[in-house]
Amino acid sequence: MYKRIISLLCAFTIIGSFNVTDCSTAAVVQPVAPAYSYTSNCTSTLLLSGSTLTCDSYIEGYYNITDKIVVYQYLQRKNASNEWVTIYSWYNVINNHIGSVINYRYSVASGSYRLKTTFDVYSGTNYETITKYSKTKTI
Amino acid sequence: MANENLKKALEKAMIPEYDELLLRNEKHVFSVEFERKIQKLIKRRNKPYYKIINTVGKRVACIVVIVLLASSVTVLSVDALRNTVADFFVSTYEKFSSVQPVEDDIAPSTIKDIYEITYDLKEYEIYYEDNTEYRRNITYIKDDILINFSQYTKDAYDINVNTEGYEITTIDINNYEAVYFLDNHNYNHLIFDNGAYIIYINSNISKNALINIAESVKKIE
């Protein structure tokens, strides 16, 4: 009886471990799904100078493939519960396969900040969505 | 008659010996080693999970379950395959890689020295140029050939690159170890740390031509 229970446990664990592996990979990749079909590289950079934050999002698509990029920037601050909350957001359209968006926030309060950038990268009517987070900066 | 004599002789010889043994009545003392083993067996027997591990087969099954559970937990805790390639942390995901330089507190936080391609690009024209205090991006174009050149401060360089299905290797560029890969649009990419800045060049020209261009990158001011 016990051997049967142990065997069943083993079988469930083996099956479960495969599922877990697949799920973890999917969880990592999902924010940038479906794929990098129209994007070569991108950055989401938050720079701190005194109490000024520079929010810089740069992207390179592919010439003759990528024709428009919609850039959503979200400046996020960590709250008392350790959750990231968007405090400012910006929206810009780049009608090219390459470009950047830069925005500034002056005299920001102390705390931890990061820049979340979502790029919708178009090729005709098709597009892919890529999300990139900056390093955290603390004032 | 002979049997009777034999019986009497045996009784005479054996009974005193038995009597002596029975009368001795001494308590047997077990060895320390024996006592230790017995105590261990009793302790094990009293464990609530004794029936799960009381045979070799069950014990092996338990170990297999523990190993599988442990490996499942490890898989869950790993977001991506993170390697150090040249002077960079490369986190490889399914569709892309994230490339970050190793932290360097003494590297300039803004661009103080300008680096450019000194390779002859007379036939090319500048298609795009974007300069800030911490990054410079120039795209050269000739027909359908593009050369994207970038210079970044180390602090500002944290990039996602399209490496889907391709292997990242290293190449020597003027004694700097560069990260090299070919992407799924046949663009060759080279990223290297020249000690002060990150130089990143990608292009749809040949790999050898790109290496020559990368080797020509020099400080111009």
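## Around I201(B) and its sheet

Let's start with one residue in chain B of this predicted model. Beyond its neighbours within four places in sequence, I201(B) is in contact with I147(B), N148(B), F149(B), L190(B), L210(B), I213(B) and A214(B). I201(B) also belongs to the largest nonpolar core, which has 58 residues. Together with A178(B), V179(B), L190(B), I191(B) and A214(B), I201(B) is among those that touch the most other members of this core.

Now to the strands of chain B. Seven of them form an open sheet in the order β5-β6-β7-β12-β11-β10-β9, with antiparallel pairing. At its edges lie β5 and β9 of chain B, each pairing on one side only. On average, and with direction ignored, neighbouring strands of this sheet are turned by 20° against each other. Strands of a sheet pair through backbone hydrogen bonds, either parallel or antiparallel.

One pairing is worth a closer look: β6 and β7 of chain B run antiparallel and are joined by 8 bridges. On the side of β7(B), Q151(B) stands opposite R136(B).

Here are the residue ranges of some strands in chain B:

| Strand | Residues |
|---|---|
| β5 (chain B) | residues 125–131 |
| β6 (chain B) | residues 135–142 |
| β7 (chain B) | residues 145–153 |
| β9 (chain B) | residues 169–173 |

And what does chain A hold? It has 1 helix and 8 strands, running α-β-β-β-β-β-β-β-β from the N terminus on. Chain A has 139 residues, of which 34% count as buried. Among the contacts in chain A with a separation of 6 or more, 63% come from residues 24 or more positions apart.

Definitions and conventions
Residues numbered from 1 in each chain as written. Chains lettered and ligands numbered in written order. Predicted model: local features only at pLDDT ≥ 70, side-chain atom pairs only at ≥ 80, totals over all residues. Helix = DSSP H or I, 4+ residues; strand = E, 2+ residues; numbered from the N terminus. Buried ≥ 20, exposed ≤ 12 C-beta atoms within 10 Å, placed from the backbone. Contact = placed C-beta atoms within 7 Å. Core = buried A, V, L, I, M, F, W, Y, C linked by C-beta atoms within 7 Å. Pairing = 2+ DSSP bridges. Axes fitted to C-alpha atoms, helices over the stretch in contact; angles between N-to-C directions.
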